[in-house]
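Here is a friendly walk through one chain, with an eye on its helices, its cysteine links and its sheet. Please keep the 3D view open as you read.

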Amino acid sequence: MRTTGTYTAAAWTAAIATALLLAGCGRKAVKTASAPPPAAATPRPQPPAGATENFRLPDGDGKGGYRTVNAGVSDAEAMWHLRSALNVAALSCDRTGKTGITANYNKMLGHQRKALAAAYKAEGARFGSASATDAHITQVYNFFAQPPAQARFCAVATGVAAEAAALPAEKLPGFAPGALDRLAAPFSEFYDAYARYKVELAAWEKGDHGPARAATAFAMAPATTTVATAAAASGPPWRIQLGAYSGDRAARDAWTKIRQRMKGAADFEPHYEDVPASRLVRVRIGPVTDRAQAIALCAAAAGAGLDCLPVPPRA
């Protein structure tokens with residue numbers, strides 16, 4: 001076969017394919033750099049334990065602690081504050097009675113009745129009037145009812161109540177200050193966590209969106225019930241019980257004395273209810289709108305030296 005200067009169509013196609021192949025072999029593949037992912041924005045720090053953003057911390061005591069209603073108390077005052085703290089724990093931590101707080105609190109009241117009466121008398125003498133004493137005791141109740149620290153408080157109160165129930169009467173003055181410190185510790189821990197949150201929030205607002213620190217996460221064990229959640233779910237009106245007495249006449253006489261001793265009691269109508277399978281008659285007053293108000297009313301009862309229990313709807 002004779003060749004000429006003219007290529008056939010098949011020859012042109014083969015030549016082009018060979019040229020493209022050689023060009024490809026002489027050139028390295030170019031890798032395009034992928035763009036870095038955008039930096040994730042650090043979320044705004046949140047208050048620990050569901051606290052509000054406008055929560056107000058107590059003043060510092062200059063020693064790394066806080067000036068609270070429990071700071072610098074005498075032994076007699078510590079006994080009464082211990083009673084108030086365990087009363088709050090019985091109300092807000094032991095609705096089902098399964099933790100033992102309520103039973104142990106009632107045992108303590110029985111064993112320590114004289115010591116607690118003397119402590120209350122000392123409190124009254126210190127404040128000088130029933131209204132001032134009531135106001136102070138209400139502060140104590142409000143301190144221990146703060147929702148953000150309730151889970152830890154309830155855990156501590158379970159142990160303290162058991163110890164107090166087994167305590168000989170003469171040992172209460174020595175036991176109360178340390179027990180009170182233990183019961184107040186969860187609130188100081190919450191205050192520390194909230195203070196760290198405020199520092200982190202200030203840095204975040206200035207644009208320092210570095211890694212979030214775990215210090216603000218005041219991890220809480222699940223609480224059975226807190227004052228806040230109980231109040232939100234309460235529904236129908238609550239009442240409070242101010243004792244059970246041996247018969248209708250005794251209950252009515254007791255109510256007459258209660259009205260004279262307890263501030264605000266006269267604003268309510270008493271209800272006398274028979275205790276099943278017993279001659280006892282309960283004295284209950286109400287209604288109040290929720291558990292939180294029942295606790296506040298019990299604080300007034302405690303200020304008058306009375307025992308008190310909130311009564312949930314239909315109980």
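## A helix, two links and a sheet

Helix α6 covers residues 150-165, and at 1.5 Å a residue its 16 residues should span 22 Å, which agrees with the 21 Å between its end C-alpha atoms. The expected span is 1.5 Å times one less than the number of residues in the helix. Helices (H or I, at least four residues) and strands (E, at least two) are DSSP runs, numbered from the N terminus.

A word on the source: this is a predicted model, in which local features need pLDDT of at least 70 and side-chain atom pairs count only at pLDDT 80 or more, while totals for chains, interfaces and linings use all residues. Residues are numbered from 1 along each chain as its sequence is written, and side-chain values use heavy atoms, with hydrogens and water left out.

Several residues of α6 are buried, among them Gln 150, Phe 153, Cys 154, Val 160 and Ala 165. Buried means under 20% relative accessible area, exposed over 50%, and partly exposed in between (1.4 Å probe, protein chains only).

### The disulfides

How many disulfides does the rule, a pair of cysteine sulfur atoms within 2.5 Å, give? The count comes to 2, and with bonded cysteines counted along the chain, the pattern is 1-2, 3-4.

One disulfide joins Cys 93 to Cys 154, with 2.0 Å from S to S. Cys 93 lies in the loop between α2 (75-92) and α3 (101-111) and Cys 154 in helix α6, so this pair ties together parts that are 61 residues apart in sequence. The link of Cys 93 and Cys 154 is left-handed, with -75° about the S-S bond.

Another disulfide joins Cys 298 to Cys 308, again with S to S at 2.0 Å. Here Cys 298 belongs to helix α10 (residues 291-303) and Cys 308 to the loop between α10 and β4 (309-311), so the parts tied together are 10 residues apart in sequence. The link of Cys 298 and Cys 308 is left-handed too, at -65° about the S-S bond.

How accessible is each cysteine? The table lists them.

| Cysteine | Relative accessible area | Class |
|---|---|---|
| Cys 93 | 3% | buried |
| Cys 154 | 10% | buried |
| Cys 298 | 0% | buried |
| Cys 308 | 5% | buried |

### The sheet and its helices

Now to the strands. In what order do the 4 strands of the open sheet stand? The order is β2-β3-β1-β4, with antiparallel pairing. β2 (269-274) and β4 stand at the edges with a single partner strand each, so one side of each has no neighbour in the sheet. Neighbouring strands are turned by 40° against each other on average, direction ignored.

Two strands pair if DSSP finds at least two bridges between them. β2 and β3 (residues 280-288) run antiparallel and are joined by 6 bridges; in β3, Arg 282 is the bridge partner of Glu 273. Helix α9 (residues 248-261) packs on the sheet, touching β1 (238-246), β2 and β3, and its direction makes about 125° with that of β1. Helix α10 also packs on the sheet, touching β1, β3 and β4, at about 40° to the direction of β1. Contact means heavy atoms within 4.5 Å; axes are lines fitted to C-alpha atoms, for helices over the stretch in contact, and angles run from 0 to 180 degrees between N-to-C directions.

β1 and β3 pair in the antiparallel sense over 6 bridges, and Ala 244 stands opposite Arg 282 in β3. β1 and β4 are antiparallel as well, over 3 bridges, with Val 311 in β4 as the bridge partner of Arg 239.

Notes: A disulfide is a pair of cysteine sulfur atoms within 2.5 Å.
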